[in-house]
Amino acid sequence: MRRLLIATTNPAKLTEYRLLLRDLKLDLVSLADAAISDVPEESGATFEENARIKARFYFERAHTATLADDGGLEIDALGGEPGVRSHRWLNSGGDDSDQALVNEVMRRMKDVPIGQRSARLRATTALIYDDGGEVRERVAEAAIEGVIAERAYPILRAGFPYRAVLFMPERNCFVGELGDEEEAKISQRRIALAKLHADLARIAAGGGDRL
């Protein structure tokens, strides 16, 4: 199998990618598997910029096909916040746990009318690989829409706090209520990966692994 580095330190995200990419003959490896502990400065102003920064950073160190993503929650009533700062939103040096992030969403949205609570979970995925000596870079973006509920779903999934606040009216449930298999069918990452399928299949067929 050809290797694909999933550039994340989030175990839950790695598990999700293993599920989403299980139909391709790819050996998914983590940053820990590749013995990479360096961390790039995510200085981008958009999800795409940060996804590209991470993909390039780890591709240069791992010398193998690399997939990185950046994403988070966008709340229209908050001008798109937390947006690109979704995982660094509090930035207080104090409690930045999943529960603290959920609590902050609930605090800021407390007095927002029900008709003005639209929001989405967005993901941008960047893929870099060596295709016969030519480095190719591809980017795809997707989002799932919903509303910020008046009360958060009480069960948090580690590493994915915002799934407990985004409610999908058409399904009458929180994103966080979905099981792994059901969520994989609709997730923003699945949609983004579908746009990269031709390149991922090319890597699986023999391109992209320089190890």
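Biologist: What makes the way H1 passes H5 a left-handed or a right-handed crossing?

Modeller: H1 passes H5 in a right-handed crossing, which means that the near helix is turned clockwise from the far one by less than a right angle; an anticlockwise turn of that kind would be left-handed. H1 covers residues 11-20 and H5 covers residues 188-195. These labels come from DSSP runs numbered from the N terminus, with at least four residues (H or I) for a helix and at least two (E) for a strand. This is a predicted model, in which local features need pLDDT of at least 70 and side-chain atom pairs count only at pLDDT 80 or more, while totals for chains, interfaces and linings use all residues. Residues are numbered from 1 along each chain as its sequence is written, and side-chain values use heavy atoms, with hydrogens and water left out.

Biologist: Which numbers describe how H1 and H5 pack?

Modeller: The angle is about 50° and the axes are 11 Å apart. That makes H1 oblique to H5, because under 35 degrees would be roughly parallel, over 145 roughly antiparallel and 65 to 115 roughly perpendicular, with the rest oblique. Each axis is a line fitted to C-alpha atoms, for helices over the stretch in contact, and angles run from 0 to 180 degrees between N-to-C directions.

Biologist: How do you know which residues of H1 and H5 meet?

Modeller: The test for contact is heavy atoms within 4.5 Å. From H1 come Lys13, Glu16, Tyr17 and Leu20, and from H5 come Arg189, Arg190 and Leu193. By class, this contact has 3 nonpolar, no polar and 4 charged residues. Here Ala, Val, Leu, Ile, Met, Phe, Trp, Tyr, Cys and Pro count as nonpolar, Asp, Glu, Lys and Arg as charged, and the others, Gly among them, as polar.

Biologist: What makes Asn10 a cap for H1?

Modeller: A side-chain oxygen of Asn10 lies 2.9 Å from the backbone nitrogen of Ala12, at the N-terminal end of H1. A polar contact needs a pair of N or O atoms within 3.5 Å; within protein, one must be able to donate a hydrogen and the other to accept it, and residues adjacent in sequence count only if both atoms are side-chain atoms. The 2.9 Å of Asn10 is within that 3.5 Å cut-off.

Biologist: Is Ser86 called buried or exposed, and why?

Modeller: Ser86 has 0% relative accessibility, so it counts as buried: the word means under 20% relative accessible area, exposed means over 50%, and partly exposed is in between (1.4 Å probe, protein chains only). Ser86 is found in the loop between S3 (66-75) and H3 (98-108). A polar atom of its side chain lies 3.0 Å from the backbone nitrogen of Leu73. Beyond neighbours within four places in sequence, the contacts of Ser86 include Gly71, Leu101 and Tyr162.

Biologist: What about Thr66, buried or exposed?

Modeller: Thr66, in strand S3, is buried because its relative accessibility is 0%. A polar atom of the Thr66 side chain lies 2.9 Å from the backbone oxygen of Thr64. Among the residues that Thr66 touches more than four places away in sequence are Leu4, Ala55, Phe59 and Leu127.

Biologist: Why do Ala35 and His63 get separate labels for exposure?

Modeller: Ala35 has a relative accessible area of 71%, so it is exposed, while His63 has 37%, so it is partly exposed. Ala35 lies in the loop between S2 and H2 (47-62), and His63 in the loop between H2 and S3. Neither is a glycine, but phi is positive in Ala35, at about 55°, and in His63, near 55°.

Biologist: How do you know whether Leu28 and Ala184 are buried or exposed?

Modeller: Leu28 is buried because its relative accessible area is 7%, and Ala184 counts as buried because its value is 14%. Leu28 is in strand S2, and Ala184 lies in helix H4. Leu28 and Arg18 are 10 residues apart in sequence, with their C-alpha atoms 7.1 Å apart. Not counting residues up to four places away in sequence, Ala184 touches Leu19, Leu20 and Arg190.

Biologist: What is the peptide bond from Glu81 to Pro82 called, and with what omega?

Modeller: That bond is cis, with omega near -5°. Pro82 is found in the loop between S3 and H3.
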